[in-house]
Amino acid sequence: MKRSRLLTLLVGGVFCLAVMSLYRMLELMQGAEPQPRRDAPDEQVDEDLSRLQQKIDRLERLLSDNNRLVARLRDSLLQHKASWERGGGGANVSSDSTHSQAAPPPGCRLAEEMKDGADGVQLLDVYDLLPFDNPDGGAWKQGFEIGYRGDEWDEQPLELFLVPHSHNDPGWLKTFDGYYQDQTRHILDNMLQKLSQDHSLVGAGQLELVTGGWVMADEANSHYFALLDQLMEGHQWLHRHLGVTPSSGWAIDPFGHSPSMTYLLKGAGLQNMVIQRVHYAVKKHFARQQTLEFLWRQTWDSSPRSDITCHMMPFYSYDVPHTCGPNPAVCCQFDFHRLPGRRVFCPWRVPPQPITDQNVQERALLLLDQYRQKSQLFRSPVLLVPLGDDFRFVETSEWDVQFTNYQKLFDYFEQHPELHIKARFGTLSDYFQALHRRLGAAGTSLPTLRGDFFTYADRDDHYWSGFFTSRPFYKRLDRTLEATLRATEILFSLTLAEMRRFGADGRPDARFPARDHFRRLTVGRRNLGLFQHHDAVTGTGRDPVVVDYGTRLFHSILNLRQVLQSSAHWLLLLDKSQYHHDQSKSFLQMDEVMSAQDALPQKTMLELSDEPRSLIVFNPTEQLQTSVISVTVDSPDAHVVDAETGRPMAAQISAAWVEPSQVSTEMFQLSFVVELPPLSLLVYHVTKAAAGSTPRARYTIHRHGDRPVVHTKHFQVSRPPEDDAPLLLSNKHIQLWSSVETGLLQKLRLPSGRLQQLQVQFLWYGTRTGTNQEKSGAYLFLPGEDGPQLYPSSESPLVRVSRGPIFSDITSCFQHFTHTVRLFHLDGHAGKSLEISNMVDIRSEVNRELVMRFVSDVANGNRFYSDLNGFQMQQRRTLLKLPLQANFYPMTSAAFLQDSGSRLTLLSAQSQAVASLRPGELEVVLDRRLQQDDNRGLGQGITDNKLTASLYHLLLEDRRGGAQEVGGATVEHLSLLAHLTSLSLSHPPITMVAPSDSQLPKLRPFLPLRLSLPCDIHLLNLRTLEDTQEAESPSRDAALLLHRKGFDCSSTPDPPPSCTWSAHKEVNLEDLFSPLRFRSVRHSSLTLLHDEPESAWQPQRITRLRPMEISAFRVQLD
């Protein structure tokens, strides 16, 4: 009772404080306002009105600040209330002596609430249940014999939809352009010729455009930003050019399936989808249970909001032999493209026959038997039968033979009602409409399913876990383009908004090439979208196709940089009239140069003098970031100041290493610490400084059994002590020890006192050696019988230890890789993780894969977590009944191990394969070089390896309490600290350089936001939309995409981050983006094809953002 009264008193006090602060603000404004003279002439009316407008604007800003104050007080109150209710009396109570048990941030409770509910099928439980044996199933080799009585359809006849399709890869064995010229354009021409030309094919329902994305995307390696971006680009194009809004998804060739993709499809307005490549044992199980059609629900969601109806094809492939029924030898006889004398044939050696009056009965009954058997695997008497394959319907004759022969069969069915089948050509939507109608009439519901369909196997122990890593150079380039595109989209949109604010007519500055830049953005979107194709980012195309993809990525990065530089130039100018766009040379230049599609970026060297060089740093994140900016300079002494305030920045000079033990005499690395407000452009001045005035890194260099000589006059280089003690680095957050012989990590200590054994190892995997055995290739990982082999320690690496005031690191130079662990001496979350980088070169190897493994004493049992597309975490279980290669999973950006006391998180800047083969272990595959084809159609190995960089952050956190079980599987999120670290890893600051001209125009910083967004709200994109009246031109509208992340409750950053968080689902967009203003806001579907009416909006721009959900808005910025 006393506690309740105290709470009431506190609430009342907060309210009084808010009211009084508002009253005081108004009073101050009134007192500051000059009193008008009583004899003021009429001409002063305009001035008075202007003054009144300014007064109202100021009051709005004060109200906004006050609202934010009240919201913070309210959240603080809720935290205190929660802590009182736990009996803590309002203080953070430590439950053990090792670390403080601070109250969890209130926002994570919302994510916890969404997890309850254990209904339906949990795929992890299915994997535990299945024996994963592979008995011969007869005609359906991977399945079982299917029987039926014959009277099952007497009451409800079988309703069959034959759906013709052609699967056209936009690059695989040929390039995108090669396929278009040789096949795709002919298919489209034939379609127009063969289908009725009297009316719109789409409008008439003869042609359906399914999914509608730019490509049929890979679902293992692609990041959710790129998945959504390619979906939006496709949907916007279809809507603009054809007036089409897709309603069904079709994903028959991605190598495994992710619920992240289903979330995006449902959010874009799709209701149904089809998938195909699922482990054959899972298909068999689902077929027995009649659960091949289900409602696919997000693991973290207890409501049906995210449910999408999913149809899983039951058999081996999506080609005709594997779609009419369980017996491919029979079904192949009904692929009339394989009639004798045509280009393709049936491998079962029983060819199709043309349908005639003489054989139609026998043929129809043979086909009907397959249809009926297949129908027994589903809960409704509606049957989907696809008719197609890769690049089908290229020749006009194929259209004729398929249509005429099937029509004769369907006519026969219609003439014999005793067969109880209605068969017709149809679209995917026709099928799903009939399915929902029949299910509704029968009162039948589909089961709910949670989980994902990785790792895929199509036969035997052939697991497709190789493509999670294949061509890692291009997987890294993909993420570079993604980060560049997002940064450019946001800055371009902000630039147009600023121009409209400055310009009298509300149009962009005429000197700014807005239309050309928008075209560059569009090409960038489309090239990123193209690379999400399931034979692109996967690394499973032929060598010339990979070069074509790489060239597109490379050119888009260069073009987007032009847009970024031009936008930053305009925003930074104090006097906008001085803006001039030079196509041949941008005013601003990037601080690094990319010379080719297969080359790593190189830093450009800045020549320093007494005249200041201007560096511009853009923070593309929505958070205040403490970052280290590194540039290459020509002097060992440099001075950096904030150009606006003149405040000197903490700096460090490090050596530029030409070889492992050779220091450049002409180049030096200058690193300095910056605090970057959200979405800001800041200007720094760099000058040459007095000799010895800039702190320099100190080095220790050695090789076991050898004493390398390093010649340098600028840096102190010493040998380590002779006592063989481990190498030690530390900052205020972490201590780490590394092996003196290898430089590789051995253990970590946190401020709580937790000491964690944590070793880094490198290993080789080979492949199978038997003469008749399948071997690893682009798709498959088939490791040798001897398993992983430790990287030989016979060749001692050169170990280089660097210590400085900004960062310290340990670099180990091995023959095939250079490995660096770096510790930043920074406050905040930037200093709490280890930065790990590798430079890998395995071009000398034959049939080998290089792995980095972490070995810890985290007691995680057989469970670990990897992310799905950077969108959500998925529990994994390492199963001994499965072969080693089956226990590797895709990791797009994160994986972690945990026990009751700690969590070890690896955050990644690129996608690759990950596994936890034994408790406490986490390993990632860095690169693979394989000399042979793995018989999945590519026709080559992967031997085009490059010098490849990979980048990570490793985070060790104390945690308390267990995880919550949902349907037998724990649902976990990254911690708040991991989310913030991953954000800065994926979207690092972008550095640009102004010309070394003393007559530079005055530049001022650009600070569009007053405060960081809440910690858990991510600005996914701010994407300018195409003008509906003027093609290829930017409109006033932009797509604002916000993702509210779910975060873990078991660890709280200490000290808390600078961003705030809220315990409420509602947020005020005006507050979030203050002082930016929205002229209009409309809540929309994720690809902006379904806008809510403006009237559905509250005037204060308050919207609901649930944890884990992405929300899209069509906005006009002012």
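**Entry 1: the open sheet.** I looked up the strand order first and found 11 strands in an open sheet, arranged β21-β20-β27-β28-β29-β30-β39-β36-β35-β32-β33, with mixed pairing. The edges are β21 (717–718) and β33 (872–877); each has a single partner strand, so one side of each is left without a neighbour in the sheet. I note that the model is a predicted one.

Within this sheet I examined β36 (residues 902–908) and β39 (residues 948–958), which pair in the antiparallel sense over 7 bridges. For register, I recorded that Leu906 has Leu954 of β39 as its bridge partner.

**Entry 2: the β22–β23 hairpin.** I then turned to β22 (residues 727–730) and β23 (residues 735–738), which run antiparallel and are joined by 4 bridges. The hairpin connection between β22 and β23 consists of 4 residues. Ser730 is placed opposite Gln735 of β23.

Which residues of β22 lie on its covered face, and which on its uncovered one? I found Leu727 and Leu729 on the covered face, with Leu728 and Ser730 on the uncovered one. In a regular strand, side chains alternate between the two faces of the sheet.

**Entry 3: His816.** I located His816 in the loop between β28 (807–813) and β29 (817–824). Is His816 buried or exposed? Its relative accessibility is 7%, and the cut-off for buried is under 20%, so His816 counts as buried.

I listed the contacts of His816, leaving aside residues up to four places away in sequence: Trp764, Tyr791, Met839, Val840, Asp841, Ile842, Ser844 and Glu845. With Tyr791, the side chain of His816 also makes a polar contact of 2.7 Å. I checked Cys813 as well, and at 12% relative accessibility Cys813 counts as buried.

**Entry 4: helix α12.** I compared the length of α12 (residues 428–442) with expectation. At 1.5 Å a residue its 15 residues should span 21 Å, and the end C-alpha atoms are 21 Å apart, which agrees.

The buried residues of α12 are Leu428, Ser429, Tyr431, Phe432, Ala434, Leu435, Arg438 and Leu439. An α-helix has 3.6 residues a turn, so residues three or four places apart point the same way. I looked for what covers the buried residues of α12 and found, among others, the strands β2 (158–167), β3 (248–251), β4 (272–275), β5 (293–297), β6 (308–312) and β7 (382–390). After α12 comes Gly443, with a positive phi near 70°.

**Entry 5: disulfides.** How many disulfides does a search of the whole structure find? The search returned 3.

Cys324 and Cys331 are linked with an S to S distance of 1.9 Å. The torsion about this S-S bond is -90°, and the link is left-handed. I found Cys324 buried at 2% relative accessibility and Cys331 buried at 0%.

Cys332 and Cys346 have their sulfur atoms 2.0 Å apart. Their S-S torsion is about -105°, so this disulfide is left-handed. Cys332 and Cys346 are 14 residues apart, in the loop between α9 (328–331) and α10 (360–375). Cys332 is buried at 0%, as is Cys346 at 6%.

Cys1015 and Cys1059 are joined at an S to S distance of 2.1 Å. With 105° about the S-S bond, this link is right-handed. The pair links distant parts of the chain, 44 residues apart: Cys1015 lies in the loop between β42 (990–993) and β43 (1017–1026), and Cys1059 in the loop between β44 (1034–1044) and β45 (1066–1068). I recorded both Cys1015 and Cys1059 as buried.

Conventions: Residues numbered from 1 in each chain as written. Predicted model: local features only at pLDDT ≥ 70, side-chain atom pairs only at ≥ 80, totals over all residues. Heavy atoms only, no water. Pairing = 2+ DSSP bridges. Helix = DSSP H or I, 4+ residues; strand = E, 2+ residues; numbered from the N terminus. Buried < 20%, exposed > 50% of the residue type's maximum accessible area, 1.4 Å probe, protein only. Polar contact = N/O pair within 3.5 Å; in protein donor to acceptor, adjacent residues only side chain to side chain. Contact = heavy atoms within 4.5 Å. Expected span 1.5 Å × (residues − 1). Disulfide = S-S within 2.5 Å.
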